[in-house]
Amino acid sequence: MCVPKDSAPKLAQTDQWIKSFDFDGFTADMKKLGDELEKNQGDADVRHLQKMVMWSNMCGLVGMLTMGLGVSIIPVVALSTFTFTRWTMIAHHTCHGGYDKCHPNKSRWNRFKFAVGGTWKRMCDWFDWMMPEAWNVEHNNRHHYCLSEIEDPDLVENNLVDLRDLPVPTIFKWMVLPILVTTWKWFYYAPNTYKELKLAKWRKQGKKIPDGVVPSDAVTVRSLIFGGTPFYTFTEFFSVVIGPYLLIHFFLFPMPLLAIGEYMGTGHDMYISAVENLFLAELLTNFHGFVAIVTNHAGDDMYRFREGCRPYSGSFYVRQVLASVDFWTGSDINDFMHGYLNYQIEHHMWPSLSMLSYKRSQPLVKALCKKHGIPYVQENVFWRTKKTIDIMTGSASMRWFPEEYEKKFLARDAVVELEKKNKKTTLLSDKAMEAVQE
């Protein structure tokens, strides 16, 4: 579907590509490629996952063996990288279902099994500030299928509106950034993902949201302490979500070093060094995560949308390209340090594929976008960090997708969906007639 020129609204210079955009052709190409990628997943994807797990575990092992030997860069970087990769690569793609069909161990490497079901499972598979069940709702569902809409819980421009609108010089806004980027996982992400889990349960139960409560507003530790939220108490949040991680990871996990220190005659020094290294690693992994995660969908070249769309429709595929950015791609070590989040466009188009599938698909997707003339953004992660900070501080704003074209594309999606239903009904009628004739 190309929009007729006589009915085309005025477009900004950056949106001129939409005039000649083949909506139907683009949709068909992306659906075909997604089907091919899924069919081709197999043993190679499992071996690749195992290699990435081994690399991540090696980082964890190095950190564990050196964290009691004094505060130094080696345990801090190793522990930080382990925490980062365990989340962004292993938990992320497993919880999306990237290995549901190709991994032989269905009892663990499955979206409905991995890290969910209690604190022990959380400790064994993916132990972090966020509750896995909450993250699965917030990220896998709300973020992925409401990308760059007001209902997207990870929409930076909306979540940082207080900082953006603060009537102070930009230099003062920059001064709070070091605190934000080194604490965001426990301060913002853990409470907000838990809010989305509770909100989903409320909606399922048909509970009314209290007047004055805006579901899309982020819940943070600050808002919990000073204003509260109707969805849960701070006591519940601490005991269920962040408390287990805080106590076990930072204080109980290094406790064997107390005994080792007594045996070696160093007293509590090894334990104290380990705790200090764990906290420093926490600051670093927050920074690493911010650079690789928060920057995926923010910038003055990223689009926002007014209405929701049907998953895997033409509008869905268009939005994943226009509201996501890829970073440098290529070697395993480069991808490992990016947490495989450098294939964000491909991941958002087909969330339930493996890491290796995204590596395979990236040049193909980029070529198809070039063929159809739709902007495909791929830049250095640090440049994207600058663009994200500009959005956070209000120095820049995201683009709004032209409203008339958004409506036209959604209308086309509805027509296609109706045609599919009619075709399905016809096929069922034919089968019924064949059965009667027999």
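Begin by selecting Gly314, which sits in helix 14. The model under view is predicted. Gly314 has a relative accessibility of 4% and therefore counts as buried. Display the residues around Gly314: beyond its neighbours within four places in sequence, Gly314 is in contact with Phe23, Thr27 and Asp413. For a sense of scale, draw a distance from Gly314 to Phe82; the two C-alpha atoms are 37 Å apart, and 232 residues separate the pair in sequence.

**Along helix 14**

Move next to Ser315, also a residue of helix 14. Is Ser315 buried or exposed? Its relative accessible area is 4%, so Ser315 is buried. With neighbours within four places in sequence set aside, the contacts of Ser315 are Phe23, Cys309, Phe409, Leu410 and Asp413. Keep Phe23 and Asp413 highlighted, since each is in contact with Ser315 and each is in contact with Gly314.

**Two residues with positive phi**

Step back to Tyr312, in the loop that links strand 1 (303–304) to helix 14 (314–322). The phi angle of Tyr312 is near 65°, a positive value in a residue that is not glycine. Tyr312 has a relative accessible area of 29% and so is partly exposed.

Now select Ser148, located in the loop between helix 5 (132–145) and helix 6 (156–159). Here too the residue is other than glycine and phi is positive, near 60°. Ser148 counts as buried because its relative accessibility is 1%. The two stops may be set side by side: Ser148 is buried, whereas Tyr312 is partly exposed.

**Helix 18**

Proceed to helix 18, which spans residues 381–393, and select Arg384 within it. With 0% relative accessibility, Arg384 counts as buried. Which residues does Arg384 touch, apart from those up to four places away in sequence? They are Thr295, Ala298, Gly299, Asp301, Met302, Val325, Phe327, Val377 and Glu379. Showing these as sticks reveals the surroundings of the arginine, with Asp301 and Glu379 among them.

Trp383 is likewise placed in helix 18. At 45% relative accessibility, Trp383 counts as partly exposed, while Arg384 is buried. Draw a distance from Trp383 to Phe327: their C-alpha atoms are separated by 9.6 Å, although the residues are 56 apart along the chain. Phe327 will already be on display, as one of the residues touched by Arg384.

**The loop after helix 9**

Select Val219, in the loop running between helix 9 (177–205) and helix 10 (221–226). Val219 is buried, its relative accessible area being 7%. Not counting residues up to four places away in sequence, Val219 touches Tyr188, Pro191, Asn192, Lys195, Leu224, Thr229 and Tyr232. A distance drawn from Val219 to Lys204 gives 20 Å between C-alpha atoms, for two residues that are 15 apart in sequence.

**The cysteines**

Colour the cysteines next. How many disulfides does the structure hold? The count is 0. Select Cys124 and the cysteine whose sulfur is closest to its own, Cys95: the separation is 14 Å, too far for a bond, where a disulfide would require the two sulfur atoms to lie within 2.5 Å. Cys124 has 36% relative accessibility and thus counts as partly exposed. Cys369, by contrast, counts as buried, with a relative accessibility of 0%.

**The whole model**

Finally, zoom out and show the complete chain. The secondary structure comprises 19 helices and 2 strands. Oriented along the principal axes, the C-alpha atoms fill a box of roughly 85 × 65 × 45 Å. A compact globule of 438 residues would have a radius of gyration near 22 Å, and the 24 Å found for the protein agrees with this.

Colouring by accessibility shows that 52% of the 438 residues count as buried. The protein exposes about 20,500 Å², of which carbon and sulfur atoms supply 63%. If contacts are drawn between residues at least 6 apart in sequence, 72% of them join residues at least 24 apart.

As a last view, colour by charge. The protein carries 49 positive and 48 negative side chains. The centres of these two sets lie 3 Å apart.

Note on methods: Residues numbered from 1 in each chain as written. Predicted model: local features only at pLDDT ≥ 70, side-chain atom pairs only at ≥ 80, totals over all residues. Heavy atoms only, no water. Helix = DSSP H or I, 4+ residues; strand = E, 2+ residues; numbered from the N terminus. Rg over C-alpha atoms; globule rule 2.2 N^0.38 Å. Buried < 20%, exposed > 50% of the residue type's maximum accessible area, 1.4 Å probe, protein only. Contact = heavy atoms within 4.5 Å. Areas by Shrake-Rupley, 256 points an atom, 1.4 Å probe, with all protein chains shown as cover. Lys, Arg positive; Asp, Glu negative; His and termini not counted. Charge placed at Lys NZ, Arg CZ, Asp CG, Glu CD.
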